[in-house]
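Student: I've got a structure to go through with you. Can we start with a pocket and then look at charged pairs?
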Amino acid sequence: MTEKNVVQTIHDTLQEEMQADDRVLVLGEDVGARGGVFRVTAGFLEEFGEMRVIDTPLAESSIVGVAIGMAMHGLLPVAEIQFADFIHPAFDQIVSEAARIRYRSNGDWSCPMVIRAPWGGGVHGALYHSQSIEAFYGHVPGIKVVVPSTPYDAKGMLRAAIRDPDPVLYLEHKKTYRLIKGEVPDEPYEVPIGVADVKREGEDLTVVTYGLMLHLCLEAAERLQQEEGLSAEVVDVRTIAPLDKATILDSVRKTAKAMVVYEDRRHHRRGADVRARRPHRSLRRPGHPGDAVRHPARAPVHARHRPHLREDARAGEVLSEELPMSDQSRDGADTEPASTPEPASTDGERYQSGMTAGAVLLTVFAPFIALVAALIMLGSERSPVRRAFLRTWAWWSGGVLVVGTIIAISLFAAIASGTNTDEKGPCVGGPKLGAPGVQVGPHRYRFPCEISGSTVVRLP
Amino acid sequence: MATRVKESRARHRRLDLSDDDLLAMYRMMVTARLCDEAQFRLNRQGKAPFVVPVSGHEGCQVATAWALRRGHDYFVPYYRDMAVCLTAGLTPHDVFLGVFGKRDDPSSGGRQMPAHWSARRLNIVTGSSPIATQIPHAAGIAYAIKYRGADAVVASWFGDGATSEGDWHEGLNFSGIHRLPVVWVCENNRYAISVPLSKQMAVEHVSERASAYGFPGETVDGNDVLACHEAMKRAVDRARNGDGPTLLECMTYRFHPHTSDDDDRTYRSREEVEEAKRNDPILLFGNHLKQQGLLDDERVEALRAECKTLVDQEVDRAWNAPDPEPESAMRHVFAETGAEDGDEDLESHGTEAVPAEPPRADRAEEEEGDGR
């Protein structure tokens with residue numbers, strides 16, 4: 001056992017793999033003399049020589065494409081994309097080629113290669129050195145996407161990725177590189193791809209997460225335990241694709257509450273997919289106080305550039321803030337009705353209160369209207385009573401019309417502004433903030449990309 | 001006359017081609033042409049879904065592929081390269097298995113459109129429909145060959161349109177930097193579907209670009225089989241000797257539309273096509289062989305009839321071959337371990353691990369809930 005940080009672990013593991021097997025070689029921008037901009041391949045050029053440590057031209061598509069060719073010939077290339085934000089020129093080579101080669105050749109050819117890419121925010125990287133890209137590739141059959149977040153997993157999963165018979169996108173959260181340290185066994189071992197890991201056992205809540213957020217969640221779970229006496233179970237997804245649904249579902253069955261924490265946008269991202277899966281019938285327990293899946297928190301990757309955000313925010317808020325629940329019965333008739341009242345201000349609640357108000361109005365006014373009508377019908381033509389009632393009725397009906405219209409408009413506005421656009425996801429909630437941005441105290445911050453949800457976490 | 005024949009025989013003998021080699025090359029070209037004709041016939045009968053015609057390209061394809069060692073060197077073709085692949089070892093039977101999308105189609109087992117060639121045992125590297133994506137692969141294979149110190153050579157074929165792609169530039173640039181054992185063969189037929197060469201590049205010849213990558217480029221008459229072969233042989237020798245890549249541009253013409261779904265009357269005149277057919281490589285090479293005394297009109301007819309019988313037989317055999325099992329469509333997304341019947345999660349296209357529960361019916365519902 002040796003204590004190492006993540007980047008040192010990746011360096012050492014790659015070095016051991018190259019020492020053990022001459023089919024393994026690395027290629028990428030600045031991997032040679034510079035030893036990689038994050039120093040993952042430091043010293044490799046001296047040890048393994050130019051043929052195995054290839055400084056490529058600045059051309060991501062061919063870094064991946066050339067690695068595919070090497071793999072088809074029988075080598076085990078480890079291609080480095082300097083920042084995950086720059087991987088997209090290679091999208092076609094990854095998606096249309098690497099991920100398809102086995103399938104399209106009916107199993108005749110294969111493409112055993114690893115693409116390493118540092119991703120994630122928190123390192124003064126701003127827009128183009130902070131992004132999460134895992135969702136794009138996690139949706140592609142034929143390629144595996146892994147996100148180890150601890151030194152132990154980084155070693156075991158890199159070994160597994162290099163030995164995997166299929167292409168693996170190996171994502172390294174660059175904030176964890178030097179921040180996260182841990183004990184790493186000196187002997188070789190593999191951490192299987194496609195298996196999530198319960199990093200912290202708990203009873204009251206399941207937190208599904210990966211990357212840097214894993215460590216924030218572990219910290220938050222600890223505080224939650226100390227300050228609120230609640231125990232959170234933290235599941236590290238570790239592999240984005242293929243997703244280990246069994247481990248996640250097992251944990252949510254146990255706690256009946258789940259929260260997904262990741263660095264990306266709420267919709268169409270990998271966490272959204274995890275979220276969409278969980279409110280499965282088999283998980284719903286009528287009457288359970290937490291019989292709903294709570295909306296996800298996310299960390300503002302730009303917070304590093306906005307000091308007030310950091311000052312105002314507290315990691316513990318991720319878990320302890322009373323997050324609104326969603327309309328859980330939206331996804332179909334087979335759902336058991338919710339048996340517990342939900343906190344106000346969710347979309348479903350707003351909709352329900354609108355309906356209730358309408359019903360009350362009808363109930364209150366209908367007898368009056370009926371009474372007026374009856375009196376008018378019963379009274380004689382010249383009766384002053386009838387005239388009085390007619391006058392009153394005119395005022396009443398006019399008033400009801402005006403008031404009703406105002407109520408209807410305001411109800412419609414409330415529902416429209418609160419309506420969640422994600423109709424596909426059966427269990428999405430959370431306050432709608434209107435334009436992308438986040439409210440912290442009296443300040444409102446806008447972001448260049450959509451950031452949903454309301455919780456802010458402190459970056460370490 | 002006798003002296004002229006002797007001189008021109010000396011030409012192909014200088015290229016280490018025997019008389020029999022020339023006849024075999026001619027036969028290969030005729031076979032490819034007949035496969036084309038049969039495919040169009042089948043297409044009109046509704047039996048072949050899609051045809052990527054080779055007609056017009058047979059000369060440069062057979063001539064260049066002939067310079068490589070079958071089963072030893074690597075062939076990285078594009079979809080119009082039927083004659084390259086026949087030269088590399090695929091048979092007309094294999095071609096028609098692909099046309100009909102049969103189970104035993106060596107290229108993809110019916111997973112790809114016809115003409116997306118592949119056969120690992122023959123070192124024919126699988127390709128896709130996006131253009132020029134095979135170029136970096138060829139460079140990577142060549143790099144691996146160089147790394148291993150092997151004496152194999154890689155050749156990659158592509159059309160003139162492919163040279164506009166970023167991958168084309170990146171692959172050639174990489175091959176130049178590392179002086180890789182690879183030959184780049186452009187089959188320049190002057191059109192990328194409908195877009196003429198003048199709108200594809202501002203230079204006259206693709207080969208001019210080679211200088212930008214630090215290796216020689218050469219333009220040859222793609223309808224002159226011996227000229228193509230000679231240039232290719234030089235390039236292959238250079239590659240095998242460690243002298244790096246060559247860009248070879250074969251000027252040729254496509255006689256048919258881009259594919260069976262294209263209508264070339266919308267972008268080129270019939271006169272232009274008829275004019276090009278006067279330089280049909282099969283016609284020119286046949287004339288050359290007649291001049292050599294290796295063929296005469298009767299033997300040409302006999303050879304054509306023989307090839308036609310063979311092609312027709314292969315069409316029937318392939319038509320009657322077994323179709324793929326529908327379940328097999330989900331196989332080979334990832335490497336298969338254990339059970340041969342595949343264990344992929346059908347609903348999620350094989351990207352998800354299969355959990356122990358919930359049961360399959362429930363999972364299907366869940367996926368529907370995803371809105372997929």
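Student: By class, how many residues in the lining of the second largest pocket are nonpolar, polar and charged?

Tutor: Bear in mind that this is a predicted model, where local features need pLDDT (the predictor's confidence in each residue, from 0 to 100) of at least 70 and side-chain atom pairs 80 or more, while totals for linings use all residues. Residues are numbered from 1 along each chain, chains are lettered from A in the order written, and side-chain values use heavy atoms. A pocket is an open set of points on a 1 Å grid where a 1.4 Å probe fits, with protein on both sides within 12 Å along at least five of seven lines, and lining residues have an atom within 4 Å of a point. With Ala, Val, Leu, Ile, Met, Phe, Trp, Tyr, Cys and Pro as nonpolar, Asp, Glu, Lys and Arg as charged and the others as polar, the lining has 13 nonpolar, twelve polar and five charged residues.

Student: Which residue forms a salt bridge with A:Asp153 at 3.0 Å, N to O?

Tutor: A salt bridge puts a Lys or Arg side-chain nitrogen within 4 Å of an Asp or Glu carboxyl oxygen. A:Asp153 sits in helix H7 of chain A, and its partner lies 85 residues away in the loop between strands S11 and S12. That partner is A:Arg238.

Student: Is A:Arg238 buried or exposed?

Tutor: Buried means under 20% relative accessible area, exposed over 50%, partly exposed in between (1.4 Å probe, protein chains only). A:Asp153 has 2% and counts as buried. A:Arg238 has 7%, so A:Arg238 is buried.

Definitions and conventions. Helix = DSSP H or I, 4+ residues; strand = E, 2+ residues; numbered from the N terminus.
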